[in-house]
Amino acid sequence: MKTTEKTQAAKVENEVDGLVKRSKKALAVLKTYTQEQIDDLCEKVAVGVLDKHMALAKLAVEETKRGVVEDKAIKNIYASEYIWNSIRHDKTVGVIEDDDEKKMMKIAEPVGIVAGVTPVTNPTSTVVFKTLISLKGRNTIVFGFHPQAQKTCAETARVMQAAIAEAGGPADALLFIEHPSIEATNDLMHHPDVATILATGGPSMVKAAYSSGKPALGVGPGNGPTYIEKTANIKQAVNDIVLSKTFDHGMICASENSAIIDKEIYNDVMDEFKRLGCYIVKPKDVQALTEAVIDPNRHTVRGPVAGKSAYEIAQMAGLKDVDKEARVLIAELNGVGLKFPLSGEKLSPVLTVYKSASHEAAFKRADELLHYGGLGHTAGIHTTDDELVKEFGLQMPACRILVNSPTSVGGLGNIYNNMIPSLTLGTGSYGGNSISHNVSDMDLINIKTVAKRRNNIQWVKMPPKLYFEPNSLRYLETMAGLKRVFLVCDPGMVEFGYADRVTAVLNSRKDPVDIDVFSEVEPNPSTNTVYKGVARMKGFKPDTIIALGGGSAMDAAKGMWLFYEHPDASFFGAKQKFLDIRKRTYKVPVPNKVTYIGIPTTSGTGSEVTPYAVITDSDTHVKYPVTDYAMQPDIAIVDPQFVETVPPRTTAWTGLDVITHATEAYVSVMASDYSRAWSIQALKLAFKYLKASYDGDKKAREHMHNASTMAGMAFANAYLGINHSLAHKLGGAFNLPHGLAIAITYPQVVRYNAEIPTKLAMWPKYNYNTALKDYADIARAIGLTGKDDEALKEALVNKFIELAHSMGVTLSLKANRVEKKDFDAHVDELAELAYEDQCTPANPREPLIKELKGILEREWDGAGVEK
C-alpha cells in the first residue's frame with residue numbers, strides 16, 4: 001500500500017472511531033431513559049422531520065436525479081407518521097412483560113450502537129425510519145450514507161439531530177460519516193463497538209453487512225411477480241400495478257417486476273394498461289430496451305436507470321414514439337433467466353408480462369421469477385378465488401404474499417394491509433436474510449427473560465367411581481349401560497370359580513347381558529395376548545370391559561381397551577419414556593366408548609385405579625410400564641371376597657409390592673400432600689396386617705385389599721421409582737414373579753436413595769433431596785424408633801426384611817434360582833433398560849447406569865440383607 005493510501009485509510013479509520021466513541025457516550029445517556037422519556041424523544045424527532053418532509057423530498061430528487069418529489073414526500077410522511085404510529089405504544093424499556101402465573105418476566109435492553117447503511121433509491125425515508133426504530137429501543141445509530149445521496153441524507157440527519165437536542169436528548173445519538181466511501185462504511189460495520197447493522201442497499205453492500213461478523217438485518221433483492229388470475233377485478237388489478245410501478249418511479253424493492261396474466265383475460269388486461277397510459281413495447285424493440293435497462297455483466301438494473309421515468313428510459317433505449325407522459329413501459333416475454341435479462345429486477349417503471357395457459361403454468365412462472373433474483377421477497381396475486389390465494393401462499397418462496405394490492409406500498413405494510421410498517425423488508429433464509437418479516441423496533445432490543453422458579457401444576461386423578469367393602473360386586477346388578485361385557489382374566493379365575501361369581505351377578509340383572517370370557521392372560525401379559533384379545537373384541541363389540549384378576553389381567557385389559565378403540569395407536573409410541581405425562585412426545589389416544597371396570601383379586605398392583613399397564617413386548621421380551629391417563633379405569637370394585645383364599649406365597653409377594661408402591665410414591669419427586677396421605681395410610685395398614693393376611697386372617701386381608709388400592713391411588717399420581725424400574729427388567733429377564741423381584745430390590749434401593757446422590761433429581765416442586773428424611777418419616781409413621789434419620793431409615797429396611805423373612809421370602813437373586821453366569825450375561829443390558837424405564841424419572845435420586853448395575857449386583861448376592 002502506498003503512503004498516500006495508508007494515510008487515507010488511517011484518516012477514514014480515525015473518523016469512524018471518533019464517531020463510534022461519541023455514539024457510545026450518547027448510548028450511556030439513553031440507557032438511563034425511562035419509557036416515557038424515550039417515547040417523548042421519538043415523537044419530537046418524528047414531528048421534526050415530518051415538518052420538513054417536502055423540503056427533504058425535493059432535495060433527494062435534486063441530488064440523486066431519481067424518483068418523484070411528491071412520492072418521496074409521501075414516503076417521508078410514511079417514515080415518520082406510519083412508523084411512529086406503529087411503534088408508539090411498544091414497550092421497549094425495562095420490564096415489558098410480567099406474567100405472575102407463569103413466573104416469567106421480560107426485560108428490554110438496547111442492543112447498543114447500530115450501524116445504518118442506506119441506499120440511493122430511498123434516501124431520506126430510510127434514514128428517518130432507521131433512526132426512529134433505533135431510538136425507540138434506546139439505541140444510538142451511526143450512518144454510512146450512499147455517496148450519491150450524501151447531501152440529502154446528511155440534511156435529514158441534521159433535522160433529526162436538532163429535534164433530539166431540542167428534546168433534551170444527546171445529539172450524538174444520531175451520527176453519520178461526513179466523508180462517505182465504501183472503505184468508511186466497511187470500517188463502521190467492522191468496528192468492535194458496533195452492536196448490529198441495519199443494511200439497505202445493493203447486493204454487495206448487504207452481503208458485506210452479513211459477512212462483517214456482526215448481527216445484521218439486511219434485505220435481499222426483490223424481483224417480485226404478480227399473477228392476474230382470470231377471476232380478478234381487471235380494472236383494480238391494473239390500477240394497482242400502474243400505481244405501484246409509477247410510485248417514485250418503481251424504486252421500492254417490493255414493486256412488481258413482472259405480471260403473469262391468464263390467457264382468458266390477457267387482451268382485456270393489456271387494453272386496460274394502454275387505457276391508463278402505459279406503453280406496450282414492440283417486439284422488435286424489446287432487445288433495445290433490455291440493453292438499456294440491464295447491465296450485461298452484473299445481470300441487474302443499470303445504475304442510471306433506477307428511479308427514472310418511463311420516458312427517460314425510453315429515450316435511453318432509442319424508443320422514439322414513447323409519449324412524455326407514458327406511465328410504464330411494458331414488454332412481453334416468454335422466458336426467465338439469463339437468456340431473458342429483462343425478467344430480472346428493474347427498480348423502474350418497466351414491467352415485463354407473461355401470458356399463462358393455466359394456474360399451474362402461472363405458479364411455475366412466478367416461482368421461476370422469484371428464483372431469478374427475488375427469493376424470499378414479495379409476490380402478488382389478483383383473484384377472487386380464496387382457495388387459489390391459499391395455494392399461492394403455500395407454494396411461493398416469498399415472505400410477503402400480497403393479495404389484490406399494489407405490491408410496492410403494500411409491501412411496506414399498514415397502508416393496504418395490517419403488516420408491520422417498515423422500509424426494511426426481510427427475505428428470510430430464501431434470500432439469505434436472518435429475518436423474514438418487516439423490520440421494526442422490536443428487532444433492535446435485547447429481551448432478557450427472568451424465569452422465576454415455579455412448581456408444575458400438580459394433579460390428583462382417580463377412577464370416577466370406586467366401590468369397596470364385602471360384596472361390592474353387587475354394583476354390577478344395577479350399573480347402567482351394560483349390554484355386552486367382555487371379561488378379561490387368567491385361566492385360574494375360571495378354574496377357581498371367580499369368573500363365575502362375576503357372570504352370576506351379571507346374569508341376575510333384569511335385562512339380559514351378553515358375556516364373552518377371554519381367559520388367556522399369562523402372568524406377564526404380552527403384546528401378542530393384547531392383540532389376540534383385541535381381535536376377539538372386534539367380533540364381539542362390547543360396551544364394557546371387566547378386568548378380573550391381579551395386575552396381569554388388568555394390564556392386559558387396558559391394552560385391549562386402548563387398541564380396540566384405537567387400532568392405529570402405537571405400542572412403540574406409548575411405551576416411550578417421558579419426563580412429564582402432560583407433555584409426552586406420543587399422545588396416547590383416549591378410549592371413551594367402552595367402559596373399563598377393574599376388579600382386583602390380589603392385594604398388590606393397584607392397577608384397578610392406576611393409568612399403568614405393564615406389557616411385555618413379544619418380540620424383545622422386555623417389560624414396559626405403559627403409562628398414560630388415557631388408560632385410567634372408569635370404575636374400580638375392591639371387593640375383599642376375591643382375596644379370601646389367595647395362596648400365602650402370592651399374598652406375601654403382592655403385599656410386599658403394596659409396601660413398595662406406597663414407599664416409592666411417598667419419596668417420589670412428584671409426591672404431594674394428597675398422594676402422601678394415601679401412601680402413609682397404605683403403609684400403616686400393610687405393615688400391620690400383611691403377616692396376618694399371609695396367615696389367612698380374612699379381616700386382615702380386607703385391610704390389605706384397601707391398602708393395595710390406596711397405594712395404587714398414591715403412585716397413580718406421584719409415580720414410582722427405580723425399585724420398579726429394576727424389578728420390571730429382572731422379572732422379564734429371569735421370569736421372576738413381579739412381587740418377588742420388587743421385594744429383593746426394596747432394601748437395596750432404599751439404602752441407595754438415602755445416600756447423598758451423585759446426581760440430583762429434577763422436578764420444580766422437589767426443592768432439594770429429602771429421601772433420607774422421607775424414609776425416616778415413614779419409619780416414624782409405622783411406629784419405629786431411631787436416634788436420627790439414618791437410624792430410622794435402617795429400621796425401616798430391617799422391618800421390611802424381617803417381614804419378608806417371616807413369610808418365607810428370601811431377598812437375593814441367587815437364592816431364587818438366578819444363575820451367576822446368566823446374571824453376568826444380562827446385568828449391563830438390564831441396568832441400561834432400567835434407566836430407560838418409565839418409573840425412573842420420579843426417583844428421588846437420578847441414577848447413573850453404573851449405579852443401577854451396582855444395585856443389581858448387590859441384589860444377586862443379597863448384600864447387607866441376607867446372611
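1. Let me start with F687 in this predicted model. Leaving aside its neighbours within four places in sequence, F687 is in contact with I659, I782, L796, K799, F800 and L803. The residue belongs to helix α23, which covers residues 673-694. Its relative accessibility is 10%, so F687 counts as buried; the cut-off for that label is under 20%. You may also like to look at V658: its C-alpha atom is 9.8 Å from that of F687, although 29 residues separate the two along the chain.

2. Next, a pair of helices. How do α11 and α12 lie relative to each other, roughly parallel or roughly perpendicular? Helix α11 takes in residues 286-293 and helix α12 residues 310-317. Their axes come within 8 Å and cross at roughly 105°. Angles from 65 to 115 degrees count as roughly perpendicular, and therefore that is the description for α11 and α12. On the α11 side the contact is made by A288, L289, A292 and V293, while α12 brings I313, M316 and A317 to it.

3. Two backbone angles deserve a friendly flag. N414 is not a glycine, yet its phi is positive, at about 80°. You will find N414 in the loop that runs between α15 (407-412) and β15. Is this residue buried or partly exposed? Its relative accessibility is 25%, so N414 counts as partly exposed.

4. The other one is Y719, where phi is near 70°, again a positive value in a residue other than glycine. Y719 sits in the loop between α24 (698-718) and α25 (722-734). With a relative accessible area of 5%, Y719 is buried. So the two residues with positive phi fall into separate classes: N414 is partly exposed, whereas Y719 is buried.

5. Finally, the surface. Which residues form a nonpolar patch there? They are V460, M462 and Y674, and together they have about 290 Å² of accessible area. V460 is placed in the loop between β15 (445-451) and β16 (465-468). Its relative accessibility of 37% is why V460 counts as partly exposed; that value also clears the patch cut-off of over 30%.

6. If you want a quick viewing order, I would suggest F687 and its contacts, among them I782 and F800, then the crossing of α11 and α12, then the loop residues N414 and Y719, and lastly the patch of V460, M462 and Y674.

Technical notes
Residues numbered from 1 in each chain as written. Predicted model: local features only at pLDDT ≥ 70, side-chain atom pairs only at ≥ 80, totals over all residues. Heavy atoms only, no water. Patch = residues over 30% accessible without salt bridge, like charges linked within 9 Å, V, L, I, M, F, W, Y side chains within 5 Å. Areas by Shrake-Rupley, 256 points an atom, 1.4 Å probe, with all protein chains shown as cover. Salt bridge = Lys/Arg side-chain N within 4 Å of Asp/Glu carboxyl O. Helix = DSSP H or I, 4+ residues; strand = E, 2+ residues; numbered from the N terminus. Buried < 20%, exposed > 50% of the residue type's maximum accessible area, 1.4 Å probe, protein only. Axes fitted to C-alpha atoms, helices over the stretch in contact; angles between N-to-C directions. Parallel < 35°, antiparallel > 145°, perpendicular 65-115°, else oblique. Contact = heavy atoms within 4.5 Å.
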